[in-house]
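Me: Please take a close look at the charged side chains in this structure, and at the surface and the buried surroundings that go with them. I would like one connected account, with the reasoning given wherever a label depends on a cut-off.

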Amino acid sequence: SLERLRTAARIDRLVPLVDLDKGFQSSDLEVAALAYQQSYSIVHYLAKKYGFYRLRRVLEQLGQDVSFEDALKHEFRLTVPQLEKRWKRWLPGFVR
């Protein structure tokens, strides 16, 4: 269920992408669950928008110790704020 994500999107309480990794480590189960749901939706967005093969190349770069920001710029020509803005526009249709 993506209920936490749906609610957070509706009331504008999403975890900022730059802080998403902190959410995974949170002792607050609600925050951790939301971080995982957001992460899932971002991966889904990137795969749908750009194709899984390009997402796979990002994952390969991450495996080579390239930062997420650098891999995102290299593969998608996006900054984290640009990704966040586009993902947030796409998200309401995903969580309906």
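Reply: Asp-12 is exposed, because its relative accessible area of 57% lies over the 50% that the label requires. This reading rests on a predicted model, and the values that follow are computed from it in turn. Asp-12 sits in the loop between H1 and H2, and its phi is near 55 degrees, which is a positive value in a residue other than glycine. A second aspartate can be described in similar terms: Asp-65, in the loop between H4 and H5, has a phi near 65 degrees, again a positive value in a residue other than glycine. Asp-65 is exposed, with a relative accessible area of 75%.

From these loop residues one can turn to the charged pairs. Side chains of opposite charge can pair when their charged atoms come close. By the rule applied here, the count comes to six salt bridges, and three pairs are worth following in detail.

One of them is found in helix H1, which covers residues 3-10. There the side chains of Arg-6 and Glu-3 meet in a salt bridge, with 2.5 Å from N to O. Because Arg-6 and Glu-3 are three residues apart in that helix, about one helical turn separates them. Neither label is buried: Arg-6 counts as partly exposed at 27% relative accessibility, and Glu-3 is partly exposed as well, at 39%.

Another pair joins Asp-19 and Lys-22, whose side chains meet in a salt bridge at 3.4 Å, N to O. Here the two partners carry separate labels, since Asp-19, with a relative accessible area of 28%, is partly exposed, whereas Lys-22, at 55% relative accessibility, counts as exposed.

Beside this pair in sequence is Leu-20, which is found in helix H2 (residues 20-24). Leu-20 is buried, because its relative accessible area of 9% is under the 20% cut-off. Leaving aside its neighbours within four places in sequence, Leu-20 is in contact with Val-15, Ala-35, Gln-38, Ser-39 and Ile-42. As for Ala-32, which is 12 residues from Leu-20 in sequence, the C-alpha to C-alpha distance between the two is 9.1 Å.

The third pair has another setting. Glu-75 forms a salt bridge with Arg-54, the closest N and O atoms being 2.9 Å apart. Glu-75 lies in helix H5 (residues 68-76) and Arg-54 in helix H4 (residues 52-63), so this salt bridge ties together parts that are 21 residues apart in sequence. Both partners, Glu-75 and Arg-54, are buried. Salt bridges that share partners extend the arrangement, joining Arg-54, Arg-57 and Glu-75 into one network.

Within that network, Arg-57 lies in helix H4 and is partly exposed, with a relative accessible area of 38%. A surface patch admits residues with over 30% relative accessible area only if they have no salt bridge, so Arg-57, although its 38% passes the area condition, is left out of any patch by its place in the network. For orientation, Arg-57 and Phe-94 are 37 residues apart in sequence, and their C-alpha atoms lie 24 Å apart in space.

Helix H4 also contains Leu-59, which is partly exposed, with a relative accessible area of 48%. Together with Leu-62 and Phe-68, Leu-59 forms a nonpolar patch on the surface, and the accessible area of the three together is about 240 Å².

The surface also has a patch of positive charge, in which Lys-49, Lys-85, Arg-86 and Arg-89 gather. Helix H6 (residues 80-94) gives the most to this positive patch, with three residues. Arg-86, which lies in helix H6, counts as partly exposed at 33% relative accessibility, and this value meets the area condition of over 30% that patch members must satisfy.

Conventions:
Residues numbered from 1 in each chain as written. Predicted model: local features only at pLDDT ≥ 70, side-chain atom pairs only at ≥ 80, totals over all residues. Heavy atoms only, no water. Patch = residues over 30% accessible without salt bridge, like charges linked within 9 Å, V, L, I, M, F, W, Y side chains within 5 Å. Areas by Shrake-Rupley, 256 points an atom, 1.4 Å probe, with all protein chains shown as cover. Salt bridge = Lys/Arg side-chain N within 4 Å of Asp/Glu carboxyl O. Lys, Arg positive; Asp, Glu negative; His and termini not counted. Charge placed at Lys NZ, Arg CZ, Asp CG, Glu CD. Helix = DSSP H or I, 4+ residues; strand = E, 2+ residues; numbered from the N terminus. Buried < 20%, exposed > 50% of the residue type's maximum accessible area, 1.4 Å probe, protein only. Contact = heavy atoms within 4.5 Å.
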